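Visitor: Got a minute to walk me through this one? I'd like to start with the cysteines.

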Amino acid sequence: MNSTRFATATDGVAVRYITEDEFPRWKAAVQVGFLRPPADAADRMRHVPYSPGRLLGAFDGDRCVGTARGFPSAITVPGGAVLPADAIANVAVLPTHRRRGLLTRMMRRELAGAAERGEPVAILVAAEAGVYGRFGFGPATRLSGYRIAVPRAGGIRLPEAARRGRVELVDTETAARVGPGVHDAFRRRQPGAVPRPPAWWRTDTGVLRHPLRHTPEPFRAVYRDAGGTPTGLLTYRVEEAWEGGLPASRLVVLDLVTADWTASAALWHHCLSVDWVTTVVADNVAPDDPLPLLLGDPRAARATEVDCDFLWLRILDVPAALTARRYPVPGRVVIEVEDRSGHAAGRFALESPPDGAARCDRADGERADLRLDVSVLGSLYLGGETLARLEAAGLVEELRPGALGRADPLLRTPLRPWCPDGF
Ligand SMILES: CC(=O)SCCNC(=O)CCNC(=O)[C@H](O)C(C)(C)COP(=O)(O)OP(=O)(O)OC[C@H]1O[C@@H](n2cnc3c(N)ncnc32)[C@H](O)[C@@H]1OP(=O)(O)O
């Protein structure tokens with residue numbers, strides 16, 4: 001029988017950091033891996049700088065067939081601490097070279113580098129759910145939104161505090177000026193949020209053109225609190241439509257970040273007050289945003305079809321990560337963490353005293369209360385999942401009777417995590 005022999009991983013594909021002259025080929029490989037024309041690479045990836053020692057490539061001869069990029073970022077954790085994080089993006093292997101272990105080799109290299117640099121966690125936005133669990137990542141935040149039928153909503157209640165400030169439409173220059181400060185205040189209060197690099201604002205406001213984001217130019221509104229400080233920035237477009245002579249336009253929220261819920265309420269009020277708009281669509285709303293409760297009829301806000309995990313988190317240094325978080329009640333639990341790669345494996349005692357900061361230390365000699373994989377700890381860490389639910393799904397093992405009931409309230413959080421920013 002005739003058979004076609006395809007190249008295998010042993011055929012000499014090298015995984016290494018790229019040099020600057022290889023950068024254009026690397027960007028073209030990202031584009032092809034993401035099913036986009038390689039010719040668009042220079043334009044689509046203008047925001048990605050060449051960073052020595054942070055851009056991994058897989059090379060078959062001189063062809064770049066695999067890519068991965070790590071860059072320094074940070075993540076806000078429950079309680080408001082901001083942890084350094086290794087952000088991983090632009091992961092792609094060409095269709096001709098898939099399922100031969102190239103991603104595995106790049107990911108091992110990237111995580112080993114992050115551990116060496118002392119970054120306690122790594123984060124990424126997963127294109128598909130089946131890929132990153134094996135590398136110790138767990139889904140840590142969710143993406144979901146609302147479609148609001150404006151006539152059915154019966155108006156929107158504007159809390160008293162929101163009336164003391166004002167909403168104003170601004171041009172892109174003003175948005176570029178106030179946006180970074182608003183976003184910074186937002187992400188410091190929101191577990192799961194990450195900083196926006198300066199290039200994000202240059203792209204969003206058209207200094208760097210983004211072919212998808214800028215057709216047509218969106219509207220922008222800023223909310224200023226009673227003292228005049230900008231505390232919210234809303235970016236939206238309106239798709240104008242008429243049905244039988246009646247207005248039937250859709251307002252699509254592209255971006256809404258606020259320093260507090262007062263600003264959110266004021267900017268949602270703006271969305272629902274634009275004449276000719278009968279539907280407001282927001283595909284990425286914080287899980288604890290009060291939006292539906294502000295409506296006369298909360299059922300006018302239906303969940304959109306976008307509802308899935310978003311940011312994935314991988315703990316590399318368990319004591320550093322767990323010590324940085326706050327816990328709502330006092331307690332103590334010893335957790336046995338399994339980690340195939342070894343970075344986070346071991347037993348750890350987490351202690352939250354009645355007064356003072358929590359501590360997590362190695363406790364290899366102690367009997368463990370719970371056993372879980374490091375990817376499950378990644379899902380628990382920001383409060384996006386509860387121990388009870390993970391145990392019900394068979395992902396947490398209770399090693400001491402009653403341990404689950406004692407540890408569950410310890411790990412809960414008052415504000416569910418959210419990360420509106422892809423990278
Ligand atoms: C952070 C980001 O950038 S997200 C974007 C990721 N990139 C993409 O989705 C672009 C399109 N896809 C690709 O480029 C590639 O298929 C990748 C990068 C997802 C995987 O690269 P590969 O080199 O094929 O992965 P590799 O061969 O190392 O696979 C490792 C394991 O993951 C599994 N795997 C790989 N891709 C997938 C997938 N999409 N779904 C489920 N399992 C997968 C493999 O079967 C293998 O399993 P095993 O260890 O049990 O044998």
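Guide: Sure. For the cysteines, a disulfide here is a pair of cysteine sulfur atoms within 2.5 Å. Keep in mind that this is a predicted model.

Visitor: OK, so how many disulfides by this rule?

Guide: The count comes to 0 disulfides.

Visitor: Is Cys64 buried or exposed?

Guide: Cys64 has 9% relative accessibility, and buried means under 20%, so Cys64 counts as buried. Cys271 is buried too, with a relative accessible area of 0%.

Visitor: What's the average pLDDT?

Guide: The protein averages 94, and 95% of the residues score at least 70. Over residues 1-10, though, the pLDDT is below 50. That stretch has 5 contacts in the model beyond near neighbours in sequence.

Visitor: Switching to annotation: which residues does UniProt list as "active site"?

Guide: The unreviewed UniProt entry lists Tyr132 and Phe423.

Visitor: Where is Tyr132 found?

Guide: Tyr132 sits in the loop between strand E5 (121-125) and E6. Its relative accessible area is 8%, so Tyr132 is buried. Leaving out residues up to four places away in sequence, Tyr132 touches Val91, Met107, Leu124, Ala126, Phe137 and Trp312.

Visitor: And where's the place of Phe423?

Guide: Phe423 is in the segment after helix H13 (403-411). With a relative accessible area of 29%, Phe423 is partly exposed. Among the residues Phe423 touches, with the same sequence neighbours left out, are Phe71, Ile123, Leu124, Val194 and Leu311. Leu124 is a contact of Tyr132 and of Phe423.

Visitor: Which residues does UniProt list for the N-acetyltransferase domain?

Guide: Residues 13-163, again from the unreviewed entry. Over that range the chain is 26% helix and 34% strand. The end C-alpha atoms are 62 Å apart.

Visitor: Now the empty space. How many cavities of 30 Å³ or more?

Guide: There are 2. The largest cavity holds about 100 Å³ of space. Of the 14 residues lining that cavity, Leu256, Ser264, Ala286, Asp289 and Trp418 are the closest to its centre. Helix H6 (172-189), strand E13 (249-258) and helix H8 (261-271) each supply at least two residues of the lining.

Visitor: How much space lies in the second largest pocket?

Guide: About 520 Å³. The second largest pocket is lined by 28 residues, and the closest to its centre are Pro139, Arg142, Gly384, Glu385 and Arg389.

Visitor: Which element gives the most to that lining?

Guide: E15 does, with 5 residues. Other elements that each supply at least two residues include strand E7 (142-149) and helix H11 (374-381).

Key:
Residues numbered from 1 in each chain as written. Predicted model: local features only at pLDDT ≥ 70, side-chain atom pairs only at ≥ 80, totals over all residues. Heavy atoms only, no water. UniProt positions renumbered as here; feature names shortened; annotations may be inferred. Helix = DSSP H or I, 4+ residues; strand = E, 2+ residues; numbered from the N terminus. Buried < 20%, exposed > 50% of the residue type's maximum accessible area, 1.4 Å probe, protein only. pLDDT = per-residue confidence, 0-100. Contact = heavy atoms within 4.5 Å. 1 Å grid on protein atoms, 1.4 Å probe; cavity = no way out; pocket = protein on both sides within 12 Å on 5 of 7 lines; lining within 4 Å. Points joined across faces, edges and corners; volume = space filled by probe spheres on them.
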